[in-house]
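Please walk through this structure with me, moving from its strands to its helices and then to a few individual residues.

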Amino acid sequence: MSDIQITIDGAPVEVPEGSSILDACRSIGKDQPTLCYLETLTPVNTCRVCVVEVGGSRTLAPSCSRVAEDGMEVSTDSDPVRQTRKMVFEFLASSVDMSLVDASTRDWMEHYEVDPARYGPPAPPSVAGERDSHRTGHHRLPGLGTAETVHQPVKVHDELYIRDYGKCILCYRCVEACGPDAQNTFAIQVAGRGFEARISTEFDVVLTDSACVYCGNCIGVCPTGALMFRSEYELRDAQLWDEEEQTVTRTVCSFCGVGCNLDLHVQDNRIVKVTSPLDHATTSGNLCIKGRFGYEYVQDLGDLATTPIDVVLASVRASEPGERRRGR
């Protein structure tokens, strides 16, 4: 594959043919803000915070998916780019709880002087089930002087993870991870249109009755904390979550011979969540229900060397509600 040359903010850059504009920017240390983009998922161009100006193009282009072309001239800091990114961040932050986005996103929002408060104070949260019952295309006017939000009570349907749709920006990452990019379960999709759009199961059934196999890969890709380990949610709710006091230990999953790598996040000598590195050749950040949630036996049984194997297995099986339910 041959290289091509493009110009980014006046500087010539050589990149392999087929690279995206974002790849080209990052190759010279000019990172761009992203929310819906993740290296292991197919770009879907939903958040639009990575847009750049391309010479000769009528509209701004999403850098995460626009393929670089030889001779292309790109501007990442023009007035239209700065104004658009600021506006998108403000629209999101005025309607969605962005408090748990990563430090990089917060830095970009500060860089663009994002001020969601200029749309007014947030409207009161919806009661449980209210947003889910709204008719598609029938939009309510927000209260006078307030900004409409997607805030609603947290959905807690099992012991494994929670769904806080008040933090959901509809980035489609969870949909892609559940679908063709990782799990191929297709348990979730976007339902509704416009401001009433939301992530839903088939026929809007509860999660435990859906096609979900509780792999938790949707949690692993969520950029805003809308999907979260229940253990993390409860610690945060009790104001006990402290990432500065946590250690992360990389190990190999003990449940089978595939060799998935696990990052064990430990606080107060207890595992509080499990992730997997995106750059691992086996997992690409993805795990099954056992790898992501089957760690309680480590904490509940203490020293496994002195614990009968039947007790260990009984505890492991008890941590697999999704697989028990499906008879696996």
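Which residue in strand 10 is the bridge partner of Tyr161? In this model, which is predicted, the partner of Tyr161 is Phe229 in strand 10. That pair belongs to the connection between strand 7 (residues 161–163) and strand 10, which are joined by three bridges and run antiparallel. The two strands are part of an open sheet of three strands with the order 6-7-10 and antiparallel pairing. Its edges are strand 6 (155–156) and strand 10 (227–229), each of which pairs on one side only. Across strand 6, strand 7 and strand 10 lies helix 6 (residues 230–237), and helix 6 runs at about 90° to strand 10.

For the chain as a whole, the secondary structure comes to 10 helices and 13 strands. The chain has 328 residues, of which 46% are buried. Among its contacts with a separation of 6 or more, 56% are between residues 24 or more positions apart.

The beginning of the chain offers another set of paired strands. Strand 1 (residues 3–8) is joined by six bridges to strand 2 (residues 11–16), and the two run antiparallel. Together strand 1 and strand 2 form a hairpin with two residues between them, and Asp9, in the turn, has a positive phi of about 50°. Within this pairing, Ile8 stands opposite Ala11 of strand 2. Strand 1 also takes part in a pairing of the other kind, since two bridges join strand 1 to strand 5 (residues 73–75), and here the strands run parallel. In that parallel pairing, Thr7 stands opposite Glu73 of strand 5.

Which residues of strand 1 are on its covered face, and which are on the uncovered one? The covered face carries Ile4, Ile6 and Ile8, whereas Asp3, Gln5 and Thr7 are on the uncovered face. The general background is that in a regular strand the side chains alternate between the two faces of the sheet.

The next step is to a pair of helices. Two packed helices are described by the angle between their axes and the distance between the axes. For helix 2 (residues 79–95) and helix 3 (residues 103–111), the axes come within 10 Å and cross at roughly 120°, and helix 2 passes helix 3 in a left-handed crossing. The residues that meet there are Arg85, Phe89 and Ala93 from helix 2 and Thr105, Trp108 and Met109 from helix 3. By class, this contact has four nonpolar residues, one polar residue and one charged residue.

Individual residues can now be followed, beginning with Arg26, which is found in helix 1 (residues 21–27). Is Arg26 buried, partly exposed or exposed? Arg26 counts as partly exposed because its relative accessibility is 32%. Not counting residues up to four places away in sequence, Arg26 touches Asp31, Gln32, Thr34, Tyr37 and Glu39. With one of these, Asp31, the side chain of Arg26 makes a polar contact, side chain to side chain, of 2.7 Å.

Glu39 is located in the loop between helix 1 and strand 3 (51–54), and Glu39 counts as exposed because its relative accessibility is 54%. Beyond its neighbours within four places in sequence, Glu39 is in contact with Arg26 and Leu278. Glu39 and Cys64, which are 25 residues apart in sequence, have their C-alpha atoms 9.6 Å apart in space.

Two buried polar residues complete the path. Asn261 is found in strand 12 (residues 261–267), and Asn261 counts as buried because its relative accessibility is 14%, where the cut-off for buried is under 20%. The side chain of Asn261 is joined to that of His280 by a polar contact of 3.4 Å. His280 is also among the residues in contact with Asn261 when neighbours within four places in sequence are left aside, a list that further includes Arg250, Thr251, Val252, Thr275, Ser276, Pro277, Thr283 and Leu287.

Ser210, by contrast, is found in a loop, the one between strand 9 (198–201) and helix 5 (217–221). Ser210 is buried, with a relative accessible area of 4%. A polar atom of the Ser210 side chain lies 2.7 Å from the backbone oxygen of Leu207.

Notes
Residues numbered from 1 in each chain as written. Predicted model: local features only at pLDDT ≥ 70, side-chain atom pairs only at ≥ 80, totals over all residues. Heavy atoms only, no water. Buried < 20%, exposed > 50% of the residue type's maximum accessible area, 1.4 Å probe, protein only. Helix = DSSP H or I, 4+ residues; strand = E, 2+ residues; numbered from the N terminus. Pairing = 2+ DSSP bridges. Contact = heavy atoms within 4.5 Å. Axes fitted to C-alpha atoms, helices over the stretch in contact; angles between N-to-C directions. Polar contact = N/O pair within 3.5 Å; in protein donor to acceptor, adjacent residues only side chain to side chain. Left-handed = near helix turned anticlockwise from the far one by under 90°. Nonpolar A, V, L, I, M, F, W, Y, C, P; charged D, E, K, R; others polar.
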